[in-house]
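Let's take a walk through a protein chain and see how its parts sit together. Have a look at the picture first, then read on.

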Amino acid sequence: SAAEAAKTLLANKINFAKTLTSGTSVGYYTATAIAALQSDIATAEGVYNSTEATFAQVGEALTELQADIDAKEIVLPTEGAFYTIASACSDDRNNKKMYANADGYMHFQDAATLNEVFQFVPAGKNKFYLYSIQRGTYLNTTKAHGYGQHTMLATTTDDAVKVTISNLGKNNIVKIVPEGGAMMHAQASGASVVAWDNEAYDNGSAWTIDKVADITALAHSVEVGDAGYSTLYLNYAV
């Protein structure tokens, strides 16, 4: 029956909710959020176990549980801290890190230098400006699904685009969404970061945001001129 089919969906959502855990790194649900989720799960289980629950009631319980999951607080980036953004894709893109090249175009690669280090500048409730340490610029593109590669060309927040961070339902796996656009996505061909909508945690729209414990350990690249000296400018506090 329709009610039984709906109950199967509800059971799957309940089992999914039980897999969610808390943690201290970006993307994990907070301990408070997980504690609150236990009550939400119990309420959904009450509907599931009821022999008199109608299709509409089961559907409502399913919708409410999903809404409760989406509303739970996650750990967000800390102002002033340094982070790498790595693909959580299950194929050869896994753990390759986002960066902006010399022209400001967003790519991802298997490296760990200052080029792959970002800061998240607060811009309101769960809104941030994405700032590249190496380039000294901000993300400036809002793109719809399938509409090309992102760039980091804004020199001030006046021209920058805000992003939001949300948990994708598996520990600290997140999606990063420019305001008004589609998710930032590690494109399989071309190693470009583009705009795409796909929320399965094992595809290119899934990322982990990891704090850099020791930024001084990352390599600097300096070109020395013919005169035998050069200038090194670091656009962060040392």
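A residue counts as buried when its relative accessible area is under 20%, as exposed when that area is over 50%, and as partly exposed in between. Take Ala191: its relative accessibility is 27%, so Ala191 lands in the partly exposed group. Keep in mind that you're looking at a predicted model.

**The overall layout**

Start with the big picture. The protein chain has three helices and eleven strands. Going from the N terminus, the order is α-α-α-β-β-β-β-β-β-β-β-β-β-β. Measure along the principal axes, and the C-alpha atoms fill a box of roughly 85 × 35 × 35 Å. The chain has 238 residues, and 43% of them count as buried. What about contacts between residues at least 6 apart in sequence? Of these, 57% join residues at least 24 apart.

**Two helices side by side**

Now zoom in on helix H1 (residues 2-19) and helix H3 (residues 55-71). Their axes come within 9 Å and cross at roughly 20°. Angles under 35 degrees count as roughly parallel, and H1 and H3 are therefore roughly parallel to each other. The crossing in which H1 passes H3 is left-handed. Which residues make the contact? On the H1 side they include Ala2, Ala6, Leu9, Leu10 and Ile14, while the H3 side brings in, among others, Phe55, Val58, Leu62 and Leu65.

Lys7 of H1 also takes part in that contact. The charged end of Lys7 sits over the ring of Tyr48, 5.7 Å from the ring's centre.

**Rings that meet**

Next up, the aromatic rings. A pair of aromatic rings is described by the distance of the centres and the angle of the planes. How many aromatic pairs are there in this model? The count comes to four. Two of them are described here. Tyr83 and Phe120 form an edge-to-face pair, with 5.8 Å from centre to centre and 75° between the planes. Tyr83 belongs to strand E1 (residues 83-87) and Phe120 to strand E4 (residues 118-122), so this pair ties together parts that are 37 residues apart in sequence. Are Tyr83 and Phe120 buried or exposed? Both are buried.

Phe120 has another partner too: with Phe128 it forms an edge-to-face pair, 5.9 Å centre to centre and 85° between the planes. Phe128 is buried, just like Phe120. Put the three together, and Tyr83, Phe120 and Phe128 form one aromatic cluster.

**Two residues with a positive phi**

Most residues other than glycine have a negative phi. Asn126 goes the other way: this residue is not a glycine, yet its phi is positive, at about 50°. You'll find Asn126 in the loop between E4 and strand E5 (128-132). Asn126 is partly exposed, with a relative accessible area of 24%.

Ala191, which you met at the start, has a positive phi of about 50° as well, although it is not a glycine. Its place is the loop between E9 and strand E10 (193-196).

**Buried or out in the open?**

Here are some residues with their relative accessible areas.

| Residue | Relative accessible area | Class |
|---|---|---|
| His185 | 10% | buried |
| Asn126 | 24% | partly exposed |
| Asn49 | 56% | exposed |
| Ala213 | 83% | exposed |

Let's go through a few of these. His185 sits in strand E9 (residues 183-186). What does His185 touch, leaving out residues up to four places away in sequence? Its contacts include Arg93, Ser192, Val194, Trp196, Asn203 and Trp207. With a relative accessible area of 10%, under the 20% cut-off, His185 is therefore buried.

Asn49 lies in helix H2 (residues 31-49). Its 56% is over the 50% cut-off, so Asn49 is exposed. How far is Asn49 from Tyr83, 34 residues along the chain? Their C-alpha atoms are separated by 44 Å.

Ala213 is found in the segment after strand E11 (207-211). At 83%, Ala213 is over the 50% cut-off too, so this residue is exposed. The C-alpha atoms of Ala213 and Asp197 are separated by 31 Å, and these residues are 16 apart along the chain.

Conventions
Residues are numbered from 1 along each chain as its sequence is written. This is a predicted model: local features need pLDDT of at least 70, side-chain atom pairs count only at pLDDT 80 or more; totals for chains, interfaces and linings use all residues. Side-chain values use heavy atoms; hydrogens and water are left out. Rings of Phe, Tyr and Trp (its six-membered ring) pair if their centres lie within 6.5 Å; planes under 30 degrees apart count as stacked, over 60 as edge-to-face and the rest as tilted. Helices (H or I, at least four residues) and strands (E, at least two) are DSSP runs, numbered from the N terminus. Buried means under 20% relative accessible area, exposed over 50%, partly exposed in between (1.4 Å probe, protein chains only). A charge sits over a ring if NZ of Lys or CZ of Arg is within 6 Å of the ring centre and within 35 degrees of the ring normal. Axes are lines fitted to C-alpha atoms, for helices over the stretch in contact, and angles run from 0 to 180 degrees between N-to-C directions. Angles under 35 degrees count as roughly parallel, over 145 as roughly antiparallel, 65 to 115 as roughly perpendicular and the rest as oblique. A crossing is left-handed if the near helix is turned anticlockwise from the far one by less than a right angle, and right-handed if clockwise. Contact means heavy atoms within 4.5 Å.
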